[in-house]
Amino acid sequence: MIISHKIRLDTNHKQATYLAKAAGTARFAYNWALAEWQTQYTAWKEDNTQPKPNQMRLRRQLNAIKREQFPWMLEVTKNAPQMAIIQLGAAFKNFFAGRTQYPQFKKKGKSRDSFTLTNDQFAIDACRIRIPNLGVVRMRETLRFSGKILSATISRTADQWFASITVDTISNHLLPAENQGAVGVDLGVSALATLSTGEKVVGAKPHKALLSRLKRLSLSLSRKVKSSANRHKAKQKLAKLHARIANIRQDSLHQLTTDLTRRFHIIGIENLNVSGMVKNRHLSRAISDMGFFEFRRQLEYKAEMRGALVVVADRFFASSKTCSASGCGHKVEKLPLSVREWTCPDCRAVHDRDINAAKNLKKYAVSSTVSACGGEGSGSRCKPKVKPAPMKQEFNRKLDLG
């Protein structure tokens, strides 16, 4: 099982300068390789006798010229430019497979500063990591997982540096699901998640809570002179606030998804068209603030690690319009978003819109599990293939936004 642990680094000014220089070298190598790839690919299309570009050939080409043309690359670890080109090769592989868009050039200040180290280029000793050409850097905590260390990605968020260490381990740090049966989860804006048990979890909504401060700092940044020290300070303040908003959202989602996968063995959710939902200008900010895609991503990998099963209902499944009363199943033709409670015209049952949808999602998940596995609750237990983010995983509906 391959998982990663993201740990904050305690850097001094000299160390932060080196990490920024290494990240800049990786960004330059990525852009240089992308430009060379485009040039060589155009030449290959015009003349098939020319070599077709690949990451291995580009790495050798850069190694042959960097001492003369880019001597400053030698000041940082050799992994920074080499791994950047390998990542470009993976990006083109995904593009030609139809999984991603065409790789784009990275712009300083617009893309995340990061570089990757292979396992033979760094060492970890308790709360310290040794980086080539730099030395020992303190970490805020020890590595949680035991096993073979594969790589480490050093990245910057606002003014803080982090090391994301990937480990191949045979141990599972998450306990199996308690198997309290099945549950349906309906995602929404007023409440992040409504469970078929009747529970409603209000989302943290950090962007909404901190919007006034965000506007004030954005306005302050726009008033600063370009390239001035004051503009740099204002930019750092704004970046810190954006990081705080993202951290609050991530923490609330981790608490919720951990609680669900710990309690239930079968979880039914909807296949939401988030990209289409955010086109509604009245709800786009609120929808983005909830993090629906991240909720599903966390839920799926945690369920897989715990041996639980996530069943995703079809995008056109009428969970809200269908009566969830036993033996009814009547479907109304229209149900506007403004209608939060409705009465079934057949059985006269009164439904809360969100709870009714969650109950229908639970029925869908149970029926799908029975038809696919031959018995209710007989979900598969397979080896997890995704890595969890190392966030605090405790369920708490109240978050401090102060």
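Arg297 counts as partly exposed at 30% relative accessibility, and in this predicted model its side chain meets that of Glu294 in a salt bridge, with 2.7 Å from N to O. Glu294, by contrast, is buried, with a relative accessible area of 17%, because buried means under 20% relative accessible area. Both residues belong to helix α9, which spans residues 292–306, and they are three residues apart, about one turn of the helix. Elsewhere, Glu199, Asp259, Arg262 and Arg263 are joined into one network by salt bridges that share partners.

The count of salt bridges comes to 15, and among them is a pair formed by the side chains of Arg156 and Asp113, which meet at 2.2 Å from N to O. This pair links distant parts of the chain, since Arg156 sits in strand β6 (residues 148–157) while Asp113 is found in the loop between α3 and β2, with the two positions 43 residues apart in numbering. Is Asp113 buried or exposed? Asp113 counts as buried, at 12% relative accessibility, whereas Arg156 counts as partly exposed, at 29%.

A further salt bridge is formed by Arg128 and Asp125, whose closest N and O atoms are 2.9 Å apart. Arg128 is partly exposed, with a relative accessible area of 41%, and Asp125 likewise counts as partly exposed, at 44% relative accessibility.

The three pairs described above are set out here by their N to O distances.

| Positive residue | Negative residue | N to O distance |
|---|---|---|
| Arg156 | Asp113 | 2.2 Å |
| Arg297 | Glu294 | 2.7 Å |
| Arg128 | Asp125 | 2.9 Å |

Charge also appears on the surface outside these pairs. Which residues gather there in a patch of positive charge? The patch is made up of Lys107, Lys110, Lys226 and Lys235. One of these residues, Lys107, lies in the loop between α3 (79–96) and β2 (114–118), and the loop between α3 and β2 is also where Asp113, the salt-bridge partner of Arg156, is placed. Lys107 is exposed, with a relative accessible area of 54%, and it therefore clears the accessibility part of the patch rule, which asks for over 30% relative accessible area and no salt bridge. In the loop between α3 and β2, then, Lys107 is an exposed residue at 54%, while Asp113 is a buried one at 12%.

Terms used:
Residues numbered from 1 in each chain as written. Predicted model: local features only at pLDDT ≥ 70, side-chain atom pairs only at ≥ 80, totals over all residues. Heavy atoms only, no water. Patch = residues over 30% accessible without salt bridge, like charges linked within 9 Å, V, L, I, M, F, W, Y side chains within 5 Å. Areas by Shrake-Rupley, 256 points an atom, 1.4 Å probe, with all protein chains shown as cover. Salt bridge = Lys/Arg side-chain N within 4 Å of Asp/Glu carboxyl O. Lys, Arg positive; Asp, Glu negative; His and termini not counted. Charge placed at Lys NZ, Arg CZ, Asp CG, Glu CD. Helix = DSSP H or I, 4+ residues; strand = E, 2+ residues; numbered from the N terminus. Buried < 20%, exposed > 50% of the residue type's maximum accessible area, 1.4 Å probe, protein only.
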